[in-house]
Protein chains: 2
Amino acid sequence: MTKNAEQILKIINGSCEHLSAEQIFLRLKEYNQSVVLATVYNNLASLYNEGLVRKISVEGYPDRYDNVRRHDHLICKGCGKLSDIVLEDLTQSLQNQLKIPMLSYDLKINYFCEDCIKKQQGLTNDND
Amino acid sequence: MTKNAEQILKIINGSCEHLSAEQIFLRLKEYNQSVVLATVYNNLASLYNEGLVRKISVEGYPDRYDNVRRHDHLICKGCGKLSDIVLEDLTQSLQNQLKIPMLSYDLKINYFCEDCIKKQQGLTNDND
DNA sequence: TAATATAATTAGAATAATTCTAAATTTTTA
DNA sequence: TAAAAATTTAGAATTATTCTAATTATATTA
């Protein structure tokens, strides 16, 4: 594993945010001035293929990268905010329902975050 | 609802595939020669905002559109093939675990489809 | 029905995320 | 150290999607 790859993995594993390739690039730059965005994409692809990071796709936003510790995701339908949540592990229950072997599962919970609820209420009140 | 929107909804609801905007555009063209891709995007955005269609994001592939009948998705990690599966409804169980109100959830099961397993086995055997 | 307003569609440019290509550099191996 | 392999760089290319402004269609009202 190269220094860049190692550092990228550290950035992902050490952050509780969900960083885009661009954001990871900016942080990697603090450590390696001369690095380039394509390098970040290259390394992220390798790390992803080796199963060392996860990739989270939410429509309307660039892919974000996350650690592989078991957890689920909350997605605000208002602002796209993505946060972690640890819910009951469904592996066994899902595998029992499937005829084929499952590799893993991704569970996303759609909701409205506090800020977006406030904004909605604000709008509603204005119109009353 | 305009004729285009109506027809797009028909295409999505009447297909067991998961069509991209481009694919929907091609089918809509059979019905309305003069239609343009931007119109499809416009209408898909409206239908999505009205909650009449779902949007499925899988990293590495363009967004695909799906009907809103309750079901989950299988995603082949080899070829990206997306298929429907109806698993136990988790709404109640998930809502019980959450402190906040949930809008909906998306569950994706990662697996290797038959074709991809065959290909892998082919490769493995070649190397044996 | 004519005039007006509203909404949808079109054409095509713009943007943003990501991938690709080819050259340069670094690392590893013989 | 020479050769081979892998990584990185720079920047062009691609792709999906959005935006803009003009045009057309639809609905509303006088």
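Colleague: What order do the strands of the three-stranded open sheet in chain B take?
Modeller: The order is β1-β3-β2, and the pairing is antiparallel. Keep in mind that this is a predicted model.

Colleague: Which strands sit at the edges?
Modeller: β1 and β2 (54-56) of chain B. Each of these two pairs on one side only.

Colleague: How many bridges hold β2(B) and β3(B) together?
Modeller: Three bridges, in the antiparallel sense. For a landmark, look at B:Lys55, which stands opposite B:Tyr65 in β3(B).

Colleague: Moving to helix α1 of chain B. Which residues there are buried?
Modeller: Helix α1 covers residues 3-13, and its buried residues are B:Ile8, B:Ile11 and B:Ile12. They span an arc of only 95° around the axis, so they lie on the same side of α1(B).

Colleague: Why would residues three or four places apart point the same way?
Modeller: An α-helix has 3.6 residues a turn, so residues with that spacing point the same way.

Colleague: What does the buried side of α1(B) pack against?
Modeller: Its buried residues pack against β1 (19-20), α2, α3 and β3 (64-66), in chain B.

Colleague: And which exposed residues are on the face turned away?
Modeller: B:Lys3 and B:Glu6.

Colleague: Let's switch to chain A. Where is A:Val40?
Modeller: A:Val40 is in helix α3 of chain A.

Colleague: Buried or exposed?
Modeller: A:Val40 counts as buried, because it has 25 C-beta neighbours inside 10 Å. The cut-off for buried is 20 or more.

Colleague: What does A:Val40 touch, leaving out residues up to four places away in sequence?
Modeller: A:Ile8, A:Ala21, A:Ile24, A:Phe25 and A:Leu28.

Colleague: How far is A:Val40 from A:Ile12?
Modeller: In sequence, 28 residues. In space, 12 Å from C-alpha to C-alpha.

Colleague: Now the two chains together. How does chain B lie on chain A?
Modeller: A turn of 180° with a shift of 0.0 Å along the axis lays chain B on chain A, at an RMSD of 0.1 Å. The two copies are therefore related as by a two-fold rotation axis.

Colleague: Which residue of chain B comes closest to that axis?
Modeller: B:Leu107, with its C-alpha at 2.3 Å.

Colleague: How many residues are in contact between the chains?
Modeller: 23 residues of chain B are in contact with 23 residues of chain A. On the chain B side, α4 (91-97) and β6 (104-111) are the elements that give two or more residues. β6(B) has the largest share, eight residues.

Colleague: What kinds of residues make up that side of chain B?
Modeller: 12 nonpolar, four polar and seven charged.

Colleague: Why say the copies meet through the same surface?
Modeller: Because 100% of the interface residues of chain B are also interface residues in chain A.

Colleague: How do β6(B) and strand β6 of chain A pair?
Modeller: In the antiparallel sense, over seven bridges. A:Asp106 stands opposite B:Lys108. A:Ser104 has B:Asn110 as its bridge partner in β6(B).

Colleague: Which way does β4 of chain A run against β6(A), parallel or antiparallel?
Modeller: Parallel. Four bridges join β4 (residues 72-76) to β6(A). A:Ile75 stands opposite A:Asn110 there.

Colleague: On to the DNA. Which residues are closest to strand D?
Modeller: A:Thr2, A:Asn4, A:Thr39, B:Pro62 and B:Asp63, out of 19 residues that surround DNA strand D. The elements giving two or more residues to that surface are α3 (37-49) of chain A, plus α2 (21-31) and α3 (37-49) of chain B.

Colleague: And which come nearest to strand C?
Modeller: A:Ala38, A:Pro62, A:Asp63, B:Asn4 and B:Thr39, of the 19 residues around DNA strand C. α2 (21-31) and α3 of chain A, together with α3 of chain B, each supply at least two residues of that surface.

Colleague: What is the make-up by class near strand D?
Modeller: Nine nonpolar, eight polar and two charged residues. Near DNA strand C, the residues divide into nine nonpolar, eight polar and two charged.

How values were computed. Residues are numbered from 1 along each chain as its sequence is written. Chains are lettered from A and ligands numbered from 1 in the order in which they are written. This is a predicted model: local features need pLDDT of at least 70, side-chain atom pairs count only at pLDDT 80 or more; totals for chains, interfaces and linings use all residues. Copies are superposed by least squares on the C-alpha atoms of residues with pLDDT of at least 70 in both. Two residues are in contact if their C-beta atoms, placed from the backbone, lie within 7 Å. A residue is near a molecule or strand if its C-beta atom, placed from the backbone, lies within 6 Å of it. Ala, Val, Leu, Ile, Met, Phe, Trp, Tyr, Cys and Pro count as nonpolar, Asp, Glu, Lys and Arg as charged, and the others, Gly among them, as polar. A residue is buried if 20 or more other C-beta atoms lie within 10 Å of its own, exposed if 12 or fewer, and partly exposed in between; C-beta atoms are placed from the backbone. The arc is that of the directions from the helix axis to the C-beta atoms. Two strands pair if DSSP finds at least two bridges between them.
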